[in-house]
Protein chains: 2
Amino acid sequence: MTTFHDAPSDRLSPILLGTAPSHAERARTLVEHCTQGTLCTLMATSPQNEEIGGFPYGSVVSYALDEQANPLLLTSSMAEHTRNFCADARASLFVHEAQSGDPAHNPLALGRVTLLGRIEAVEASAVEATRARYLARHAEARYYAGYRDFGFYRLRVTALRYIGGFGRMSWVDVAAYGTATADPIAPLARGIVDHMNQDHAEALRQLCTHPAGLGEVSAAVLRSVDRYGVEIDAQTPEGPRFVRLGFAAPVADAAAVRAAVIALLRLSRQATSTAHKEHG
Amino acid sequence: MTTFHDAPSDRLSPILLGTAPSHAERARTLVEHCTQGTLCTLMATSPQNEEIGGFPYGSVVSYALDEQANPLLLTSSMAEHTRNFCADARASLFVHEAQSGDPAHNPLALGRVTLLGRIEAVEASAVEATRARYLARHAEARYYAGYRDFGFYRLRVTALRYIGGFGRMSWVDVAAYGTATADPIAPLARGIVDHMNQDHAEALRQLCTHPAGLGEVSAAVLRSVDRYGVEIDAQTPEGPRFVRLGFAAPVADAAAVRAAVIALLRLSRQATSTAHKEHG
């Protein structure tokens, strides 16, 4: 759904070439990449807080994931949120891409996912496997994983909302999220992006000329890279323009990203030199 | 309330000397220091999502504060959370201290606040003042503050939960939070802490000897500084020990912190040297 503020009318239409990750893949990648989020539960009513019984309550939790990427929690029976979800299992986990160090970066442009569902105690037969999954992700939890008031819980996801920034948002099919794979490039993306912007600004501008087809581009900043391609913010005389360029095939490591970018550039230079010859 | 996991029985009792911030002050400082949080609302029921109607829903929001430190929001009528709180005003805003760059730092040891209350549209007479407050804190919002689908809302706080880490948590009096002042040292604390740990490790150990009264201390790491004093993690032969030392009077800037720490150290060295003479 495109809404008024998602794509302001003064914004130039994006250029989208080639394959892009599905929202299910983007959501899965984000949820696997993060390790903590905000758990939203419903305040259990007690004599001390009758006036806030039923209010949504936010708290921080660390999480791991089961095979279908349902969040696994390790919480104390004395924690507010545990009392809440034991009284009413309805909950959501909100996960937000770590904010970049760039203070000019609008936090509302970063990706986030809300996973909604009911929280259930992990069944006895699955506790050992859950503990192993959880400690693999949160080694520090070994200090309290054995405390008698701590237990493992699962948020069984029944709906999920993905927001990737302006104009990129949807309710995602839970089955598609459950079977999607996380992007293998995600852990490397920050380094690749920084390197390209520092050392290859001219190459990025070249990509905006071809295949993106833009004329004058005063600056081109790589915004992100994923297994399927690159996303560039181009500055044109008409204003900023978003460009997405797909690779010829999905990539799985840094060397393959490098080869795929070089392949794009080679095509780009060939096309530009042909065009020059035709016009020259 | 001290619970089993807040203060495990194998943990040495903390040493607390002098004044410490109240939880109302700590909460107010944290909420003023941050600029975004997770908004928890109740999913409005619609034909498309009957099965998740009434579930708590988390989303990211930027916020400013009114004079009583009630959060002020600027949101679109088309955003999921706006539809939610217009149908049911009950909500909470969860604010979490920015995670330090130290990967060994347990996120559950960082401060966080949950502000619960009802969300109301800002009354027409207060919109201009609210806009000024909001844009002073979020200059980037000037691009959409005027869109016709955006409006200003206030979360009127009726209850708040503060968690400052292990063993430091409470429901805070709303009036005390509303009249508390943010700690003037908070914006400087990170720099002071890093400087002290890099260049003055010996001075920190000295403070653990006196006035904290610890014997052998193999390492002393400054954890935080605030207007009332310093907090140190001391390594002793018996295990890690938390030390809080109050200044003689509250401080309001970096020069005053420096003077207060030097004053503590002077007393410490006098006491230690006297002790040496008595025993020597």
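Visitor: Which residues are linked with A:Arg26 in a network of salt bridges?

Guide: A:Arg168, A:Asp226, A:Glu231 and A:Arg244 are linked with A:Arg26 in that network. A salt bridge is a side-chain nitrogen of Lys or Arg within 4 Å of a carboxyl oxygen of Asp or Glu. Please note that this is a predicted model, in which local features need pLDDT of at least 70 and side-chain atom pairs count only at pLDDT 80 or more, while totals for chains, interfaces and linings use all residues. Residues are numbered from 1 along each chain as its sequence is written, chains are lettered from A and ligands numbered from 1 in the order in which they are written, and side-chain values use heavy atoms, with hydrogens and water left out.

Visitor: How many salt bridges are there over all chains?

Guide: A search of the whole structure finds 36.

Visitor: What does A:Glu32 form a salt bridge with?

Guide: Its partner is A:Arg28, with the closest N and O atoms 2.7 Å apart. The two residues are about one helical turn from each other, because they lie four residues apart in helix 1 (residues 23-33) of chain A. Helices (H or I, at least four residues) and strands (E, at least two) are DSSP runs, numbered from the N terminus.

Visitor: Is A:Arg28 buried or exposed?

Guide: A:Arg28 counts as buried, at 8% relative accessibility, whereas A:Glu32 is partly exposed, with a relative accessible area of 31%. Buried means under 20% relative accessible area, exposed over 50%, and partly exposed in between (1.4 Å probe, protein chains only).

Visitor: Moving to chain B, which side chain meets B:Arg26 in a salt bridge?

Guide: That of B:Glu231 does, at 3.1 Å from N to O. B:Arg26 lies in helix 1 (residues 23-33) of chain B and B:Glu231 in strand 11 (residues 229-236), so the pair ties together parts that are 205 residues apart in sequence. Both residues are buried.

Visitor: And where does B:Arg244 come in?

Guide: The side chains of B:Arg244 and B:Glu231 also meet in a salt bridge, at 2.6 Å from N to O. B:Arg244 is in strand 12 (residues 239-246) of chain B, 13 residues from B:Glu231 in strand 11. The relative accessible area is 1% for B:Glu231 and 2% for B:Arg244.

Visitor: Changing topic, what turn lays chain B on chain A?

Guide: A turn of 180° does so, with a shift of 0.0 Å along the axis and an RMSD of 0.0 Å. The two copies are therefore related as by a two-fold rotation axis. In chain B, the C-alpha nearest the axis belongs to B:Pro56, 2.7 Å from it. The copies are superposed by least squares on the C-alpha atoms of residues with pLDDT of at least 70 in both.

Visitor: How many residues does each chain bring to the contact?

Guide: The contact (heavy atoms within 4.5 Å) takes 47 residues from chain B and 48 residues from chain A. The copies meet through the same surface, because 100% of the interface residues of chain B are also interface residues in chain A.

Visitor: How many salt bridges are there across the interface?

Guide: The rule finds two. A:Arg161 forms a salt bridge with B:Glu80, the closest N and O atoms being 3.4 Å apart.

Visitor: Which strands give two or more residues to the side of chain B that touches chain A?

Guide: They are strand 2 (36-42), strand 3 (56-62), strand 6 (90-96), strand 7 (112-121) and strand 8 (150-163) of chain B. Strand 3 gives the largest share, six residues.
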